[in-house]
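Trainee: I'd like to learn how the labels people put on structures are justified. Can we go through some together?

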Amino acid sequence: MFESLVPRASSFAGDIDDQIWLIAILAGFWFCVATGVFFWSLFRYRHRPGERSQYITGEKPEEKRWITIPHNLILICDVFIVVGAIRVWYHVKQQLPPPERTIRVISQQWAWTFVDPGVDGQFDTDDDIKTIDEMHMKSGTLYHYKLYSRDVLHSFSIPAFRVKHDAIPGRIITGWFKSDRPGAYDIQCNEICGIGHGIMGARLYVDTPQDFDAWIKKNTAAPPALAVTPATPAPAQPGAAAPAQPAAQPGAAAPVAAPTGSVPAAAAPAAPATPQPSTQPNAR
Amino acid sequence: MAEPATAHAQHPHNGAGHDHAHHDEGFFKKYLWSTDHKMIGFQYLFTGMLMAIIGGYFAYAFRMQLAYPGASVPGYGAVSPSDYLMLVTNHGTIMIFWVAMPVLIAAFGNFLIPLMIGCDDMVFPRLNRLSYQLFLLSAIVLLISFFVPNGGFSGAWTAYPPLSSQAAYHLTPLGAPLWLLAVALEFVAFLIGGINFVTTVMNSRAPGMTPMRIPMVVWMIVIASILFMASVGPLVAGAVLLLFDQVLGTHVYDPNHGGDPLLWQHLFWFFGHPEVYVVLLPAMGIVAEIITVFARKKLFAYKTVLYTAIATGIISFFVWAHHQFVAGIDPRMANIFTVTTLIISIPIAEMVFVYLATLIGGSIRFTTPMLWALGFLGAFLIGGVTGIFLGSSGSDIYFHDTYFVVAHFHFTFFPIAFIGSFAAITYWFPKMFGRMMNETLGKIHFWGTILPVNGIFLPLFLAGLAGDHRRIYSYMNFPDSAKPFLQDLRIMATISLCVLIAFQFVFLYNFITSLLRGPKASKNPWNANTLEWTAESPPPHGNFAEMPTVHRGPYEYGMPGRDQDFWPQNAAN
């Protein structure tokens, strides 16, 4: 059922789902036991005329067993859950496998900017590909994401990947994911970030290697005219550099442009040089 | 809303000169400036009920928006994105700080503690009055914040900076400081109240009321007050710093000037998680009183309940970062907090088992208060079990800030704040107001509440499993969330909420008519053991005609060899 609600599109989505199932089985068992005892006792011990309740203090050892045995069994279940949780957590969040490619994810009120290093695999070079509210990645490749925020807290969440991490201004947070399932998935901001929070979405395209190479190629041939435009700066040094960026200040006027039902890009104050939210090479 | 507001506005009038007061002095002294613990309890109760109506109205408005995005909501109008965030922010704030806290702890703590431990009033009656007045002031400040230019605060009840700290981000330059001021004032009010509760129980118990003879609800309120007092200090300090950031331009939480936004999260959740137990424990205590009376059964393992409550309270100080697993803390921290969070499940589970064991062997009467108490156990079980998914770091990566979380904590907070309060109100109504409530209407209200609650939040579990995120005013903007199946879940939740709200009018009708015309209650209509049932209904000023002496514990029901199946605490034999 879980798979049908939201696909498992990353390499570790299955691990997280397994942990959810482990808890569902263990906690579900205790839930059924408790609910069963609950309704059984309500029926069995309902008031009947002429019957009196029993006098049980619960202080004698043979009575206390009814509490201490479940107590110990729950403790054992908790150990399984903790071990499972820490294993999954270690795999997904705590360790960092070496990257095959890195992408920058820059959040701001209320848009996502994604910077792909382009052909040479190096950031802050001429062939960086900057996209807004649209992320492309190559399937079968282990990605590191570098998470930035320009203003307030945001949260980078891809439900299909089971990826979620808060973006914090002044910090660069590194995480990883890998997907073998080409397709299109939602990216959502998952931390309240102002009135545009409800439209701060993006679309993730996991491309097959061929499609991805074609996408790189299409976006690498930069027209010379763009070479001199001041591109939106990727915060190479966030923290100190962040307040200097004009796009980071929402100002009083910008947020009004978030009417009900507008397309996500309409409220994006990002990339003043690019009116259209399509892909654009970062010519610098 | 209007009643306390005008009441407050009249304070200076009456203080300056009594000649042009609108009410006569007797009314004013009796109802508004009283130091009687019962009257202060009622003041908290009615203020909390009025705030609950506002909080419920907010829930109605934003749920309608979620089910029918963009449509004009009957009774509200179109919900804009900023309205939506204002509504969810203040719904959460009101329901926790101005409904659960005042009703469960302050109202019933004030009403019950002196009556149940057998004394005539709180040890600090004027401090008690001050506590309510500060609370009322905080409620008024919060209500004012909705009507200032740019509207009320809309940065979520957690108020994470930098969004909450700079007007350029949250866009409510007046609403945000007022909201914060209201919350901080409210904390001060409960801090004063808590001092009073703990001191009273320590010093004013009737002769013979040894610690192990204190009714469980009193213990629970005392433990909750201690938890609150121990946890709220860091948050009050943090809130003052946040207020400085907002109005004075300091940079405590501003990363661009060396501040740290995560500092607030730690201060907030260091309070925020114990807060869950601050409201849970009194509700658990209320349930313990009710199930023992109506199962005619001694509380199973009194000491175990007490020790699990204390253990829960202590452990609750070491679990706060499970709210921040993916918030940018050191990932290794998550392992520690997963362990502590799973450990806290054990005392709580044990408490539930104790209550189940109390039912076994009883003679259960399904009166309205008993139905509420049982409904609390059933609903809280769902809330508790689903919490494990969120306390386990590995699965929380997926569930963090989804509707699964929303459904989970509503399955804990709704039983606490509403089911627990309804249980307490229906159970102690005869003692509070000297009249009986209507049982038939009470049962209609019970079923009309408990079924829709599940109808609201069970679909939201599914929505959370499908990845719906919180605080999104319209899911139509996200292709994966706009699926018809998920929208059907949201519509089902909203319709259930409307049904739930409709049935609350049954309660209001029952409450008001019973208050005015209900049959007179005897001293002890439920044949209960605890001391409050030996006073008149309602108890006069000073509570007891003759101060009671306690001879035994509070739960001696079904003792073999006695004519009656109950044995009041003060009966000599």
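Mentor: Sure, starting with polar contacts: a polar contact is a pair of N or O atoms within 3.5 Å; within protein, one must be able to donate a hydrogen and the other to accept it, and residues adjacent in sequence count only if both atoms are side-chain atoms. Across the interface of chain B and chain A, 32 residue pairs fit that rule, both at pLDDT 80 or more. This is a predicted model, where local features need pLDDT of at least 70 and side-chain atom pairs count only at pLDDT 80 or more. Residues are numbered from 1 along each chain as its sequence is written.

Trainee: What makes A:R203 and B:D480 a salt bridge?

Mentor: The rule asks for a side-chain nitrogen of Lys or Arg within 4 Å of a carboxyl oxygen of Asp or Glu. Here the N to O distance is 3.3 Å, so the pair qualifies. The interface of chain B and chain A has 2 salt bridges by this rule.

Trainee: Why is the pair of B:F97 and B:F187 called edge-to-face?

Mentor: Rings of Phe, Tyr and Trp (its six-membered ring) pair if their centres lie within 6.5 Å; planes under 30 degrees apart are stacked, over 60 edge-to-face, the rest tilted. These centres are 5.1 Å apart and the planes sit at 85°, so the pair is edge-to-face.

Trainee: And what makes B:Y132 and B:F135 tilted?

Mentor: Their centres are 6.2 Å apart, with 45° between the planes.

Trainee: How do you know whether B:Y132 is buried or exposed?

Mentor: Buried means under 20% relative accessible area, exposed over 50%, partly exposed in between (1.4 Å probe, protein chains only). B:Y132 has 7%, so it counts as buried; B:F135, at 0%, is buried too.

Definitions and conventions. Chains are lettered from A and ligands numbered from 1 in the order in which they are written. Side-chain values use heavy atoms; hydrogens and water are left out.
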